[in-house]
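Visitor: I'd like to go through this one and ask how each label was earned. Can you take me round?

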Amino acid sequence: MYNRTNELPSAMRQHPRAVQRKGLAHMPSLPRTSGIYCITCNPTSKIYIGSSVNIYRRWNEHLRDLRRKDHCNQHLQHAWDKYGESAFVITVLEECGKEYLTRCEQHYLDTLSPFKERGFNINPSAESCRGRPSPMKGRKLSPRHIEILAASVRGSKHNLGRKAS
């Protein structure tokens with residue numbers, strides 16, 4: 001089970017193909033295959049478990065968003081801002097086929113429980129909406145709905161200088 005005194009949970013240390021990489025300089029050696037990965041904040045031992053069809057690309061996306069202070073996970077972003085890039089390590093837990101990603105990620109979420117004080121994950125379920133079509137795709141908005149949306153952003157300084165579509 002997960003032990004805060006260890007640098008990494010035992011499940012990660014035991015995986016025969018576990019690969020640890022720190023920062024962008026080590027990205028070329030990350031696999032471009034699908035699998036489960038773990039981001040660890042060494043000072044706190046908190047972890048984030050994720051899955052991707054391309055681990056290399058996903059780590060690059062995490063780095064880009066964290067460096068821009070624009071990561072969707074506010075807990076991970078706060079730790080990144082506080083401890084810096086050098087405090088984080090990515091570990092490849094398991095390479096698996098795309099069809100097994102959700103099942104494998106759920107196994108690690110259940111086993112390591114990276115939630116609240118133990119980690120950065122927010123959703124206890126491995127399900128994601130990525131890859132599914134938007135429920136609004138192909139639907140037309142009524143003129144009344146368009147006017148309501150337009151009125152809600154009028155006066156907002158967020159879109160100054162941008163052309164309305």
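Guide: Sure. Let's start with a definition: a salt bridge is a side-chain nitrogen of Lys or Arg within 4 Å of a carboxyl oxygen of Asp or Glu. Keep in mind that this is a predicted model. Arg67 and Glu85 make such a pair, with their closest N and O atoms 2.6 Å apart.

Visitor: What makes the Arg67 and Glu85 pair a tie between separate parts?

Guide: Arg67 sits in helix α2 and Glu85 in the loop between α3 and β4, so the bridge links parts 18 residues apart in sequence. As for exposure, Arg67 has a relative accessible area of 40%, and Glu85 comes in at 26%. Partly exposed covers the range between under 20% and over 50%, so Arg67 is partly exposed, and Glu85 is too.

Visitor: How many salt bridges does the structure hold?

Guide: There are 6. Another one joins Arg57 and Glu61, at 3.7 Å from N to O. The cut-off is 4 Å, so that pair qualifies.

Visitor: Why are Arg57 and Glu61 said to be about one helical turn apart?

Guide: Because they are 4 residues apart in helix α2. An α-helix has 3.6 residues a turn, so residues three or four places apart point the same way. Arg57 is partly exposed at 40%, and so is Glu61 at 25%.

Visitor: Then there's Arg64 with Asp65. Which of these two counts as buried?

Guide: Asp65, at 16% relative accessibility; buried means under 20%, so the value fits. Arg64, its partner at 3.3 Å, is partly exposed with 40%. Elsewhere, bridges with shared partners join Arg57, Arg58 and Glu61 into one network.

Visitor: On to α3. How do you know that its buried residues line one face?

Guide: The buried ones in α3 (residues 74-83) are Leu76, Gln77, Ala79 and Trp80. Looking down the axis, they fall within an arc of 165°, so they line one face of the helix. On the other side, Gln74, His78 and Lys82 are exposed.

Visitor: What do the buried residues of α3 pack against?

Guide: They pack against α2 (55-67) and β4 (88-95). At the start of α3, a side-chain oxygen of Asn73 comes to within 3.0 Å of the backbone nitrogen of His75. After the helix comes Gly84, whose phi is positive, near 90°.

Visitor: Why is Ser52 called buried?

Guide: Its relative accessible area is 7%, and the limit is under 20%, so it is buried. Ser52 belongs to strand β3 (residues 46-52). A polar atom of its side chain lies 2.9 Å from the backbone oxygen of Asn54. Leaving aside neighbours within four places in sequence, its contacts include Thr33, Tyr37 and Leu101.

Visitor: And Ile36 in strand β2: is it buried or exposed?

Guide: Buried, with a relative accessible area of 0%. Ile36 and Thr91 are 55 residues apart in sequence, yet 8.8 Å apart in space, C-alpha to C-alpha.

Visitor: Which residues make the nonpolar surface patch?

Guide: Leu141, Ile146 and Leu149, covering about 240 Å². Patch residues need over 30% relative accessible area. Leu141, partly exposed at 35%, therefore passes that cut-off. Leu141 lies in the loop between α4 (101-112) and α5 (143-153).

Key. Residues are numbered from 1 along each chain as its sequence is written. This is a predicted model: local features need pLDDT of at least 70, side-chain atom pairs count only at pLDDT 80 or more; totals for chains, interfaces and linings use all residues. Side-chain values use heavy atoms; hydrogens and water are left out. Patches are made of residues with over 30% relative accessible area and no salt bridge: like charges are joined within 9 Å, nonpolar side chains (Val, Leu, Ile, Met, Phe, Trp, Tyr) within 5 Å. Accessible areas come from the Shrake-Rupley method with a 1.4 Å probe; for residues, only the protein chains shown count as cover. Helices (H or I, at least four residues) and strands (E, at least two) are DSSP runs, numbered from the N terminus. Buried means under 20% relative accessible area, exposed over 50%, partly exposed in between (1.4 Å probe, protein chains only). The arc is that of the directions from the helix axis to the C-beta atoms. Contact means heavy atoms within 4.5 Å. A polar contact is a pair of N or O atoms within 3.5 Å; within protein, one must be able to donate a hydrogen and the other to accept it, and residues adjacent in sequence count only if both atoms are side-chain atoms.
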